Amino acid sequence: MTAKKDNVSATLVKAPTGIDGLDEITGGGLPRGRPTLVVGGPGCGKTMLAAEFIVQGAVRYGEPGVFMMFEENSDELTANVRSLGFDLGKLTKQKKVALDYVRIERSEIEETGEYDLDGLFIRLAHAVETVNAKRVVLDTIEALFSGLSDHAVLRAELRRLFRWLKDRGMTAVITGERGANSLTRYGLEEYVADCVIMLDHRVTEQVSTRRLRVVKYRGSAHGTNEYPFLIGTEGLSVLPITSLRLDHAASAERVATGIAKLDQMLGGKGIYRDSSMLISGAPGTGKSSVGASVADAACARGERVLLFAYEESAAQLARNMRSIGIDLERWVKKGRLHIHASRPTLQGLEQHLVFMYDAVRDFRPNVVVVDPISNLSLDRDDMGLKPTLMRLIDFLKQSHVTAVFTSLIGDSGAAFAESQIGVSSLMDTWLLLSNLEANGERTRALQVIKSRGMPHSNQVREFVFSDKGIDLIDVFVTEGRVLTGRMRLGAQHATVAGNVAPAAPGAIAKRKAKR
Amino acid sequence: MKKSAAVEPGKPVRAVKVEWQLRLYVAGQTAKSAAALRNLQKLCETHLAGRYEIEVIDLLVNPKLAAGDQILAVPTLVRKFPEPIRKIIGDLSNEERVLVGLDVKPVP
């Protein structure tokens, strides 16, 4: 039991669900020995939540359970939860879980005279005794309302049923379909009043997210927010971003970015291991190339890199990077680099996140490159993106992964500041790539906007590609003007010739030394 | 309380298949179940004399049997034969509805 002794929960004992995050929100789980109502529309994950509650109880907490289902039969349920990695068949054989499918067919049933639901009680009691159950799921008992016409009897019997469950100290999960005017279609909340959890499956801009909220928890404090949750290959996980502690270890080790001059700008040693770096820039400023360069450098050190490419296919990316002297293919062949090229918006942000989690757990990379994060959401102002990223970054940090994110932004300055404000605060290092346009010529420029915990250059550098890779060149400042591209070359030659007084002697000295 | 009106429960005595095989599920000896059995016997004698058998199953004694016939409510009368299976729940006090439910043509 995770109930704390120091506060109110001394009287309220809780039964852990074993669902990631849910026990955190509820301060230890569902009220032990009482029924909890789980409400939601169709396809919200009610059954999955209930099933995981039973399975985790049986497997992890030594509490056998009964799953009484009214809508799908045992085989269907077993098949459905197998996708979460739960083997109900095995648990049934081990007498840790009892399944009972209650089928009600209105057309087969004629009602005449008085009756009660003792048959249901007997079945439930029998199942409970068979496995010595401590947990019970009724999914979803509302089906009775459509199967039986005498709702007065039914309501009286439901009241008796919940009393019966409480008397036997069963920790129960009752699922219910969400109603139009009341919480549930048939007002189950009237009977189950101790704890109510609401599930929601929302689609915004064609992208779906699942959310969970603890509406009510009598006698206990609980998180009141709506928390996104995922149904992944290992069951449900509720993601209480606001309660995640910032307790990941901070590495003092530095790793090179693969661009020597950039490392120089970052205190001479590159970025911290396990930190996160954001590279934002307008189209065509070289974001992907910087990302690829970091990946290349990591592979060259013998590390493993996972690259999520959302704009190009793996082959296309490899070809394009080859043109600037970065050979990604050899790392793929050596198994150090995995490129996942996909369209994340196809699946929905949350589901894609699950996919990323699984990929990271599988491959155990040292470096993850996401190119670009702006493609994780169709809508740039998506409120969901920030919490999602926050969770992703936390997850990567806890997995000891150095993360590099690129982000596409508009070309103008104002839009840039606004569009990045959400995610940039999550990043340890932030590079900005921009286009400088002057005198009919466009040049790429790079600057380090921030880099936590290290001295870094405040200067804008010119950013040049060649078939030998990426290079940074100090911009040439003369007579209060910043010169780039041809202008810089021209001015440099002039300076060398001694005609113009140099404004940045250091810069020129370096250039000279290089030639 | 295992008793039967026409034959012993679970094993038809006659060699010929009985035309109407009925099964009544109850839970203990309650007023409702007693009434249901009484009503059923009366009805069968009136309309199906010599052509029926009733098996009474007490779920308190045999809880396992509840799942097989998908019993929720008690008393429940199940028409096992002729097929398809029909169910009538309640104390069977309304003869008219029981006959409709069993699909028995009432004697004119």
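Two exercises with worked solutions follow, on a predicted model.

**Exercise 1. The two sides of a helix**

Find which residues of helix α3 of chain A are buried, and state why they lie on the same side of α3(A).

Solution.
Step 1. Helix α3 of chain A spans residues 74-82. A residue counts as buried if 20 or more other C-beta atoms lie within 10 Å of its own. Leu77(A), Thr78(A) and Val81(A) are buried.
Step 2. These residues lie on the same side of α3(A) because they cover an arc of only 100 degrees around the axis.
Step 3. In general, an α-helix has 3.6 residues a turn, so residues three or four places apart point the same way.
Step 4. Now turn to the other side of α3(A), where Asp75(A) and Arg82(A) are exposed.
Step 5. The cover over the buried residues of α3(A) includes two helices of chain A, α2 (46-60) and α4 (88-93), along with the strands β4 (65-69) and β5 (97-101).

**Exercise 2. Where chain A touches chain B**

Describe the side of chain A that touches chain B, then find the bridge partner of Glu111(A) in β4(B).

Solution.
Step 1. Count the contacts: 20 residues of chain A are in contact with 30 residues of chain B.
Step 2. On chain A, β6 (109-111) and α5 (118-131) each supply at least two residues of this side. The largest share, 6 residues, comes from α5(A).
Step 3. Sort the residues of this side of chain A by kind: 9 are charged, 7 nonpolar and 4 polar.
Step 4. Look at the strands. β6(A) pairs with β4 of chain B (residues 86-89) in the parallel sense, over 3 bridges.
Step 5. Within β4(B), Ile89(B) is the bridge partner of Glu111(A).

Methods: Residues are numbered from 1 along each chain as its sequence is written. Chains are lettered from A and ligands numbered from 1 in the order in which they are written. This is a predicted model: local features need pLDDT of at least 70, side-chain atom pairs count only at pLDDT 80 or more; totals for chains, interfaces and linings use all residues. A residue is buried if 20 or more other C-beta atoms lie within 10 Å of its own, exposed if 12 or fewer, and partly exposed in between; C-beta atoms are placed from the backbone. Helices (H or I, at least four residues) and strands (E, at least two) are DSSP runs, numbered from the N terminus. The arc is that of the directions from the helix axis to the C-beta atoms. Two residues are in contact if their C-beta atoms, placed from the backbone, lie within 7 Å. Ala, Val, Leu, Ile, Met, Phe, Trp, Tyr, Cys and Pro count as nonpolar, Asp, Glu, Lys and Arg as charged, and the others, Gly among them, as polar. Two strands pair if DSSP finds at least two bridges between them.
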